[in-house]
Amino acid sequence: MNRIFSGIQPTGNLHLGNYLGAIRNWVALQREYDCIFCIVDLHALTLPQDPKELRAQTREVTAAYIAAGIDPEACIIFNQSAVAAHTELAWLLGCLTPLGWLNRMTQFKEKAGKQRDNAGLGLYAYPVLMAADILLYKATHVPVGEDQKQHLELARDIAGAFNRRYGIDFFPLPEPQIFGAATRVMSLRDGAKKMSKSDTSDYSRINMTDDADTVALKIRKAKTDPHPLPESEAGLEGRAEAANLLGIYAALSDASLAEAVRRFAGRNFSEFKEELAALAVGILGRIGGEMRRLVADPGYIDGILRRGAERARAIALPNLREVQDITGLLRA
Ligand code: AQP
C-alpha cells in the first residue's frame, strides 16, 4: 500500500488554512493509504517557543487531528521528537545536500527576514529535517498546502541525491498531493498574504478553536471589494479576497470553485458571507468542541502519542539501520 507522511508544527493557533490545506484532506485519504500523521515539534523549535506552551500545543494539534476525523487506530499519530531517528537521518541527508539548494528556499527568506545572519541554523536546515521525516518512512505521498511545495521538491531532490550517491534505488521519490479548492487559504484581511499562525493582525485568521460567534464575526469582517460576486471563474481575476472566500466555501462544502462561483453568481457579499458563516460555524463548531473535550483529557492524548511513537519507531528503525549500512557506518 502507498504510504502518506504529513505533519503540522505545534506553534500556535491552528487555523482554517491548516484545516483545509492539510487535515481535512488527510481525513479523506486515511482509508486509501497507510498514513502517518506527525506533530512536528522539532520543526517548531526553529523559532523560539515557550516550553510550557509547546507541550500544550503538541497536545492541541493531536486533539485537532482526532477531532477532525483522523482515526488513531487506523493511522499513526505521534510527535516527531519521540522518534530520534528523524534527527539522525537528517544529519546523514544534510551531508549530501548542497547549500545552493537550501539557499533557494523562499520560506527561509521570508521567516529569516532582513536579519538573515541572526537566523538559526535550524531554520535554514528545516527542509532537510522535513526530507528526513518523509524519507525515514519511505513515504510515497505527502499531502500538503501549496506553501510546502518547494520543500517537497527539495525532499525529492535529496532522495535522488542519496540514491545516486550510493547507486541504489532505496528512497522512493515522494509525490506532493496538493488538492481541494483551498490549497492556499489567504488572510481574511489581505488577499495577498497566506493565512498564517504567526499573523498578528486582528481578524486575519479563523482559528480551529474559535467559537461560533467569533467565526461568524471574522467572516462578516473579511475584506471584500465593492462589486457583486462574479458570474464566472474568469471574473475572479484581480479579486483575491473574493476568490479566497469562494475557495473556502467550495472546500468546506466539498465542491469545486466553479460550483461555488455558479451558486453565488451576481449575489452581494453580505448574503454570501451569511451562508459562508453558517457553513463554517457548523463544521468548525463541532471540531472545536471536540478538541476542547479531548484537550481536557491529557492522559488520553499522551496515550495516543506514546502508542503512535512505538508504531512509528517500528517502521523507522529498520529503515535507518539500512541507511547506516548503505552509508558505511559500522554497527559493531
Ligand atoms: N494558508 C494556508 N493554506 C493552505 N494550507 C496551509 N498550511 C499552512 N497554512 C496554509 C498547511 O498546513 C500544514 C502545516 O503547516 P505548518 O505547521 O508547517 O505551518 P506553516 O506551513 O509554517 O504555516 P502556518 O501554519 O501558517 O504557520 P506559520 O505562521 O509558521 O507560517 C502544511 O501542510 C501547510 O501546507
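The legends below describe close-up views of a predicted model.

**View 1. The backbone at K138, in the loop between α7 and β4.** K138 has a positive phi of about 50°, although this residue is not a glycine. Most residues other than glycine have a negative phi. The loop that holds K138 runs between α7 (121–135) and β4 (141–143), and K138 is partly exposed there, with a relative accessible area of 25%.

**View 2. The backbone at Y203, in the loop between β5 and α9.** Y203, which is not a glycine either, has a positive phi of about 65°. Y203 is placed in the loop between β5 (175–177) and α9 (212–221), and its relative accessibility of 32% makes it partly exposed.

**View 3. The surroundings of S204, in the loop between β5 and α9.** S204 counts as buried because its relative accessibility is 2%, and buried means under 20%. The side chain of S204 reaches the backbone oxygen of S201 at 3.2 Å. When neighbours within four places in sequence are left aside, the residues in contact with S204 are S187, L188, R189, M195 and D199.

**View 4. The largest pocket and its lining.** This pocket holds about 1,200 Å³ of space and is lined by 45 residues, of which Q107, K111, D147, Q148 and K194 lie nearest its centre. At least two lining residues come from each of β1 (3–8), α1 (16–29), α2 (41–44), α6 (106–112), α7 and α8 (149–166), and α7 gives the most, with five residues. By class, the lining of the largest pocket comprises 16 nonpolar, 20 polar and nine charged residues. Both domain 1 (3–181 + 298–327) and domain 2 (186–293) take part in this lining, each with at least three residues.

**View 5. The second largest pocket and its lining.** About 340 Å³ of space lies in the second largest pocket, which is lined by 16 residues, with A90, G94, L121, A125 and V128 nearest its centre. The elements α4 (85–94), α5 (99–103) and α7 each contribute at least two residues to the lining of this pocket, and the largest share, seven residues, comes from α7. Twelve residues of the lining of the second largest pocket are nonpolar and four are polar, while no charged residues are found in it.

How values were computed: Residues are numbered from 1 along each chain as its sequence is written. This is a predicted model: local features need pLDDT of at least 70, side-chain atom pairs count only at pLDDT 80 or more; totals for chains, interfaces and linings use all residues. Side-chain values use heavy atoms; hydrogens and water are left out. Helices (H or I, at least four residues) and strands (E, at least two) are DSSP runs, numbered from the N terminus. Buried means under 20% relative accessible area, exposed over 50%, partly exposed in between (1.4 Å probe, protein chains only). A polar contact is a pair of N or O atoms within 3.5 Å; within protein, one must be able to donate a hydrogen and the other to accept it, and residues adjacent in sequence count only if both atoms are side-chain atoms. Contact means heavy atoms within 4.5 Å. On a 1 Å grid over the protein atoms alone, a cavity is a set of points where a 1.4 Å probe fits but cannot get out, and a pocket is an open set with protein on both sides within 12 Å along at least five of seven lines; lining residues have an atom within 4 Å of a point. Grid points are joined across faces, edges and corners, and a volume is the space filled by probe spheres set on the points. Ala, Val, Leu, Ile, Met, Phe, Trp, Tyr, Cys and Pro count as nonpolar, Asp, Glu, Lys and Arg as charged, and the others, Gly among them, as polar. Domain bounds come from an automatic or database domain assignment.
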